[in-house]
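Reader: I am new to this structure and would like to go through it with someone patient. Could you take my questions one at a time?

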Amino acid sequence: MSNAEIIADLTKIMEKIFDVSDLKISMDTVATDVEDWDSLNHIQMVVAVEKHFKIKFSSTEIQNWKNVGEIVASIQNKLG
Amino acid sequence: MAEDYISVITSLLEKTNAIQAKKFKTFLDTCDDLYRKRANLFFSQYERLLNHLGKDFSYSVDCYNRMNTDMLYERIQFLDTGKYSNQSFEDVKNKIYLSPDAFEHHMHGLAIAQFVWWDQYQRFSFFADNLHKYVDRTGRYLEVGGGHGLYISEALRHFNNDTTFDLVDISPTSIEMSKVALNTNRVNYILKDIFDFDGKEKFDFITIGEVIEHVEDPKALMQKLGELLNDNGTIYVTTPANAPMIDHIYLFHDAEDIRSFLQNAGFKIVDERAVFAENMEYKKAVKYKVPLMYAAFIQKS
């Protein structure tokens, strides 16, 4: 999958979890850029991402995410 | 010495953890002056411990961030399996209690959480706001698992000068932490398993906060406390439901589960407070199995 395809899937997951439509995210997006990206939604998002891509993140990976780009990189890494 | 610890912690969180900073600022918007007074008092006491260890609040916030990541990871597994990852005391002992680094990080993370998490402050304010009702009938106070000394400090401020204060903990690290943070000779620090207490010793008020979820048989623990409690004595007990953490073993599913547990252990509930960790509507909190903080003043039934 390309980064753009992963971001497109991530956007759909986030829209569903955050209960918003027309969400615009990029590799540089951080949690503070998205109003509904709070601690509870973050957990739901990680669970949904794992389920969607059929992957499991380690706690170190989760800890190191600073922006959407780093989440995408973790997904790419898992998808091989 | 920092005068406004809240600003220090907020600033450190903004630099290191955007999601937690956002959550904390939303909570702070609802807080009054009493919250700030209590928080600054606790953190000034806690800073004594940090100074003793040659550390500062950036270390504590780092521990707090690490604890949150551990929790996030535990939570993801919990939502998947419906169970806590640790099922036995032996599991936790090997992973946490026998690992000084893991234990220390966790304890310092928890210190920050006392006034950064809305539910933790609810747990404390419920205690602090109601303690005056027990002043006249408390000659002997016992706290099981004192941690950073937040609760026993409050009791020291409320209860009479002739009240005796015992703090018991099974962990030498935790006892040392309490000693340095409290810095008082009014407290007897006892390194002991509560089960080794002689049942002839009787206390008028026992505080046991966030302990029973750490043991395999919380009923036996509460029954032991019942033995140590005077017939008209009171216990302040707190425990969470649906709160996966690296050192939690016993899973309560909701407030009713905890109430039934307390009643089955031989107690009646005098007063209680139950709040979800996230400020949200009840249905959504139940749907997402959001952790619930339960606190109660209980007496023998």
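What follows is a set of questions and answers on a predicted model.

Reader: How many residues of chain A are in contact with chain B, and what is the area buried between the two chains?

Author: This is a predicted model, and in it 20 residues of chain A are in contact with 17 residues of chain B. Carbon and sulfur atoms give 71% of the area buried between chain A and chain B, and that area is about 1,700 Å².

Reader: Which three residues supply more than any other three of the area that chain A buries against chain B?

Author: The share of these three residues in the area that chain A buries against chain B is 32%, and no other three supply more. They are A:Ser39, A:Leu40 and A:Ile43.

Reader: Which residue of chain A forms a salt bridge with B:Asp80?

Author: Between chain A and chain B the count is one salt bridge. On the side of chain B the partner is B:Asp80, and the closest N and O atoms are 3.5 Å apart, which is within the 4 Å that a salt bridge requires. The residue of chain A that takes part is A:Lys56.

Reader: Are helices α1 and α3 of chain B roughly parallel or roughly perpendicular?

Author: Helix α1 (residues 5-16) and helix α3 (residues 33-53) of chain B have axes 8 Å apart, and they pack at an angle of about 80 degrees. Because angles of 65 to 115 degrees fall into one class, α1(B) counts with respect to α3(B) as roughly perpendicular.

Reader: Which residues make that contact, and how many of them are nonpolar?

Author: From α1(B) the contact draws on B:Tyr5, B:Ile6 and B:Ile9, while α3(B) brings B:Tyr35, B:Arg36, B:Ala39, B:Asn40, B:Phe43, B:Ser44 and B:Glu47. By class, the contact of α1(B) with α3(B) has two charged residues and two polar ones, and the number of nonpolar residues is six.

Reader: Is B:Asn68 buried or exposed?

Author: B:Asn68 lies in helix α4 (residues 57-81) of chain B. Beyond its neighbours within four places in sequence, B:Asn68 is in contact with B:Gln20 and B:Trp117. Its relative accessible area is 12%, and because the limit for this class is under 20%, B:Asn68 counts as buried.

Reader: What covers the buried residues of helix α10 of chain B?

Author: In helix α10 (residues 218-228) of chain B, the buried residues are B:Pro218, B:Leu221, B:Met222, B:Lys224, B:Leu225, B:Gly226 and B:Leu228. Their cover includes, from chain B, β1 (140-144), β4 (203-209), β5 (229-241), α11 (255-264), β6 and β7 (292-300).

Reader: How does B:Ile269 count by its relative accessibility?

Author: B:Ile269 is part of strand β6 (residues 267-276) of chain B. Apart from neighbours within four places in sequence, B:Ile269 has contacts that include B:Arg259, B:Leu262, B:Tyr294 and B:Phe297. Its relative accessibility is 25%, and because values between 20% and 50% form a class of their own, B:Ile269 counts as partly exposed.

Reader: A:Lys54 and B:Asn242 each have a positive phi; which of them is buried?

Author: A:Lys54, with phi near 55 degrees, is in the loop between α2 (39-53) and α3 (59-64) of chain A, and at 76% relative accessibility A:Lys54 counts as exposed. B:Asn242, with a phi of about 50 degrees, is in the loop between β5 and α11 of chain B. With a relative accessible area of 10%, the buried residue is B:Asn242.

Terms used: Residues are numbered from 1 along each chain as its sequence is written. Chains are lettered from A and ligands numbered from 1 in the order in which they are written. This is a predicted model: local features need pLDDT of at least 70, side-chain atom pairs count only at pLDDT 80 or more; totals for chains, interfaces and linings use all residues. Side-chain values use heavy atoms; hydrogens and water are left out. Helices (H or I, at least four residues) and strands (E, at least two) are DSSP runs, numbered from the N terminus. Buried means under 20% relative accessible area, exposed over 50%, partly exposed in between (1.4 Å probe, protein chains only). Contact means heavy atoms within 4.5 Å. Axes are lines fitted to C-alpha atoms, for helices over the stretch in contact, and angles run from 0 to 180 degrees between N-to-C directions. Angles under 35 degrees count as roughly parallel, over 145 as roughly antiparallel, 65 to 115 as roughly perpendicular and the rest as oblique. Ala, Val, Leu, Ile, Met, Phe, Trp, Tyr, Cys and Pro count as nonpolar, Asp, Glu, Lys and Arg as charged, and the others, Gly among them, as polar. Buried area is the accessible area (1.4 Å probe) that two parts lose on being put together, summed over both. A salt bridge is a side-chain nitrogen of Lys or Arg within 4 Å of a carboxyl oxygen of Asp or Glu.
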